[in-house]
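User: I would like to learn how to read strand pairing and burial in a model such as this one. Could you take me through it step by step?

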Amino acid sequence: MSIAPLEAPRTATVSSISSAARVSPVPSASSPVRDDVAAAPRVRAVPAGTEARGFVLYVGIDEDKAAADGTDLGEIVEQLKALAAKLAPSSETYAAVALAPRGVGGRDVEVVRLALQDPAALAKHRQAPEADEDRARDGVVVDLSRKRVLLDNNPANLTYKEFELLQYLVLREGRTIERAELISALWSAGDEEAPNERTIDVHVRRLRSKLGDYEDIVRTVRGVGYRFDRHADVSVRHTSTPSPDLF
């Protein structure tokens with residue numbers, strides 16, 4: 001089963017926070033250009049009779065992921081605004097937060113683009129139903145017997161440790177697993193590569209990135225750890241004999 005495509009008018013609304021940096025004189029065309037500015041990529045050509053007046057940066061991250069990274073959406077917004085003011089004191093900034101119902105699925109950045117009416121995202125969204133008819137989506141298959149994960153019938157390129165991490169959560173479906181438990185269960189004592197409770201989030205983030213559109217099957221429980229809940233898009237193939245990881 002596939003994750004239903006988002007319809008921006010119904011599933012995402014926008015709440016906004018705006019601010020304007022102090023305006024200072026814009027450098028003239030004859031002003032010297034710093035080396036680092038000259039090396040920066042230029043905005044691609046715009047149609048004749050128009051001019052570039054700014055840009056949009058879409059940031060896809062939900063509150064749980066931000067918390068796992070030790071921050072929150074408000075802090076990220078403030079840091080980006082401060083950076084813009086530092087790089088270009090004459091710039092004005094406006095931040096908009098995209099909202100969507102919990103559990104709606106899909107990639108965070110696509111939710112943001114749809115909510116903010118990005119033309120390219122809207123065009124892609126309108127074409128999605130036709131594309132789905134031509135391409136079968138079978139969701140996620142966690143094959144414990146063969147130690148592999150399939151995403152829509154395509155193998156996911158998980159490392160051994162990433163598969164172990166997913167397997168540990170799947171076999172404990174519905175239970176929130178603390179970071180300390182994941183570390184002690186999946187890494188040997190004294191292992192030089194063993195993460196701490198802070199860096200275990202990096203391992204989870206890498207796993208989720210490889211799950212693509214299905215990254216939300218690994219849920220973040222704020223302030224506690226991670227969990228796997230029964231999901232319509234996920235099927236689990238168990239081994240014929242009891243797994244040593246199952247108790």
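Analyst: Let us begin with a pair of strands, keeping in mind that this is a predicted model. Strands β7 and β8 run antiparallel and are joined by four bridges. They form a hairpin in which three residues lie between the two strands, and Gly223 in that turn has a positive phi of about 80°.

User: Which way do the side chains along β7 point?

Analyst: In β7, residues 218-221, the side chains alternate, with Val218 and Thr220 on one face and buried, whereas Arg219 and Val221 point to the other face and are not buried. Across the hairpin, Thr220 has Tyr226 of β8 as its bridge partner.

User: What does the side chain of Tyr226 join in a polar contact?

Analyst: The side chains of Tyr226 and Asp201 are joined by a polar contact of 2.5 Å. Asp201 belongs to helix α9, residues 200-210, and, apart from residues up to four places away in sequence, it touches Ala68, Arg179 and Tyr226.

User: Why does Asp201 count as buried?

Analyst: Buried means under 20% relative accessible area, and Asp201 counts as buried because its relative accessibility is 5%.

User: Which residues of the largest nonpolar core touch the most other members?

Analyst: Among its 30 residues, these are Val140, Val149, Leu166, Leu182, Ile217 and Val218. The elements that each supply at least two residues of this core include α9 and β8, while α7 gives the most, with six residues. Val140, leaving aside neighbours within four places in sequence, is in contact with several residues, among them Val149, Tyr214 and Ile217.

Note on methods
Residues are numbered from 1 along each chain as its sequence is written. This is a predicted model: local features need pLDDT of at least 70, side-chain atom pairs count only at pLDDT 80 or more; totals for chains, interfaces and linings use all residues. Side-chain values use heavy atoms; hydrogens and water are left out. Buried means under 20% relative accessible area, exposed over 50%, partly exposed in between (1.4 Å probe, protein chains only). A polar contact is a pair of N or O atoms within 3.5 Å; within protein, one must be able to donate a hydrogen and the other to accept it, and residues adjacent in sequence count only if both atoms are side-chain atoms. Contact means heavy atoms within 4.5 Å. A nonpolar core is a set of buried Ala, Val, Leu, Ile, Met, Phe, Trp, Tyr and Cys residues joined through side-chain atoms within 4.5 Å. Two strands pair if DSSP finds at least two bridges between them.
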